[in-house]
Each structure stands twice: as structure tokens, then as C-alpha cells.
Amino acid sequence: MTRWVASDEEVEAEELRDDARKTGCEPLADVEDRTTVRVRGVLQSVTLQPRLGTPALEADLFDGSGAVTLVWLGRRRIAGISCGRRLVATGRVATLDGRRIMYNPRYELLPAGME
């Protein structure tokens, strides 16, 4: 697909895939369940979801090839975790109720210049 006819979303997805590949991160589309991976992308949503009476901060990370929900158990908020923020996350990916999920991942917020 050429950039002349691609939508803004398609161009952004292609840029996210290229960024991830260039930095040695794995594309979410290629990640297998129960493997520990390093992924890079942009947070599309951030919500507080109680899980069994315990707060859990959830953030959907999109890398241009797929998405994973990052879940930090026992956290109501984390400084810097907000919609539109780019980050690198490392952890074990699983599928729960049809959703890709990563519990308590290590993360690195990318500087504003990387966004």
C-alpha cells in the first residue's frame, strides 16, 4: 500500500510496526501465548478495572500489528501511563476470554521526542 492512498490510521500503524522492528521488539501479531516478550507501541486506552475486589489499572497497547492489554494489579494509577503515550513493555503474554493480556509488565516510558 502506498502512503498516497493510505488512511491516517494505516500510516500510523505502519510507523508503529517499523519502530518496533527497528528497536528489536516483537510484533504482537507474531507473539505466542505464554512466552515472555518485549513489545513497543502506543497506549490507546487506560482504565481502572476492579478484579476480585482489588484495583487493577488496565492499558491497551497497540503496536500496528495487534494489541495487548497491560494489567497492573493493585494499582489505581501510574504516573506517565496515559492515552497516547508510547512505551516498551516486557512480560509474559496470555489469552484470557479472547483478549491478549500481560500482567504486571515491566515498562519503559518513551521520551516525548520518540512520540
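# Questions on a predicted model

Reader: Is D97 buried or exposed in this structure?
Author: The model is a predicted one. D97 sits in the loop between strand 4 and strand 5. Its relative accessible area is 76%, and the cut-off for this class is over 50%. D97 is therefore exposed.

Reader: What is the phi of D97?
Author: D97 is not a glycine, yet its phi is positive. The value for D97 is about 55 degrees.

Reader: Which residue in the loop between strand 5 and strand 6 has a positive phi of about 45 degrees?
Author: The residue is not a glycine. It is partly exposed, with a relative accessible area of 43%. The residue in that loop with this phi is N104.

Reader: How many aromatic pairs does a search of the whole structure find, and which residues form the pairing?
Author: The search finds one aromatic pair. Its ring centres lie 5.5 Å apart, with 80 degrees between the planes. An angle over 60 degrees counts as edge-to-face, and the pair is classed that way. The residues are W72 and Y107.

Reader: How many residues apart in sequence are the parts that the pair of W72 and Y107 ties together?
Author: W72 belongs to strand 3 (residues 67–73), while Y107 belongs to strand 6 (residues 106–109). The pair therefore ties together parts of the chain whose separation in sequence is 35 residues.

Reader: Which of these counts as buried, W72 or Y107?
Author: Buried means under 20% relative accessible area. Y107 has 33% and so counts as partly exposed. At 4%, the residue that counts as buried is W72.

Reader: Which residues have the most contacts inside the largest nonpolar core?
Author: This core has 17 residues. At least two of them come from each of strand 1 (35–48), strand 2 (56–62), strand 3 and strand 4 (86–96). The residues with the most contacts inside the core are L70, I81 and M102.

Reader: What is the relative accessible area of L70?
Author: L70 lies in strand 3. Leaving aside neighbours within four places in sequence, its contacts include L43, L57, L87 and M102. L70 is classed as buried because its relative accessible area is 0%.

Reader: How far apart in space are L70 and S82?
Author: Along the sequence, L70 and S82 are 12 residues apart. From C-alpha to C-alpha, the distance between L70 and S82 is 12 Å.

Reader: Which residues form a nonpolar patch on the surface?
Author: The patch has about 250 Å² of accessible area together. One of its members, Y103, lies in strand 5 (residues 99–103) and is partly exposed at 34%. The patch is formed by L73, L96 and Y103.

Reader: Which residues does A20 touch, not counting those up to four places away in sequence?
Author: A20 lies in helix 1 (residues 8–22). With a relative accessible area of 3%, A20 is buried. Its C-alpha atom is 7.2 Å from that of G41, 21 residues apart along the chain. Beyond the four-place limit, A20 touches C25 and R40.

Reader: How many salt bridges does the structure hold, and which residue forms one with R21?
Author: The structure holds four salt bridges. R21 counts as exposed at 55% relative accessibility. Its partner also lies in helix 1, three residues apart, about one turn of the helix. With the closest N and O atoms 3.3 Å apart, that partner is D18.

Reader: Which residue forms a salt bridge with D19?
Author: D19 is in helix 1, and its partner is in strand 4, 67 residues apart. D19 is partly exposed at 25%, whereas the partner is buried at 13%. The closest N and O atoms are 3.3 Å apart, and the partner of D19 is R86.

Reader: What is the N to O distance in the salt bridge of D33 and R100?
Author: D33 is in the loop between helix 1 and strand 1, while R100 is in strand 5; the pair links these distant parts of the chain. D33 counts as partly exposed at 34%, and R100 is partly exposed at 22%. Their side chains meet with an N to O distance of 3.7 Å.

Conventions
Residues numbered from 1 in each chain as written. Predicted model: local features only at pLDDT ≥ 70, side-chain atom pairs only at ≥ 80, totals over all residues. Heavy atoms only, no water. Phe/Tyr/Trp six-rings, centres within 6.5 Å; stacked < 30°, edge-to-face > 60°. Helix = DSSP H or I, 4+ residues; strand = E, 2+ residues; numbered from the N terminus. Buried < 20%, exposed > 50% of the residue type's maximum accessible area, 1.4 Å probe, protein only. Core = buried A, V, L, I, M, F, W, Y, C linked by side-chain atoms within 4.5 Å. Contact = heavy atoms within 4.5 Å. Patch = residues over 30% accessible without salt bridge, like charges linked within 9 Å, V, L, I, M, F, W, Y side chains within 5 Å. Areas by Shrake-Rupley, 256 points an atom, 1.4 Å probe, with all protein chains shown as cover.
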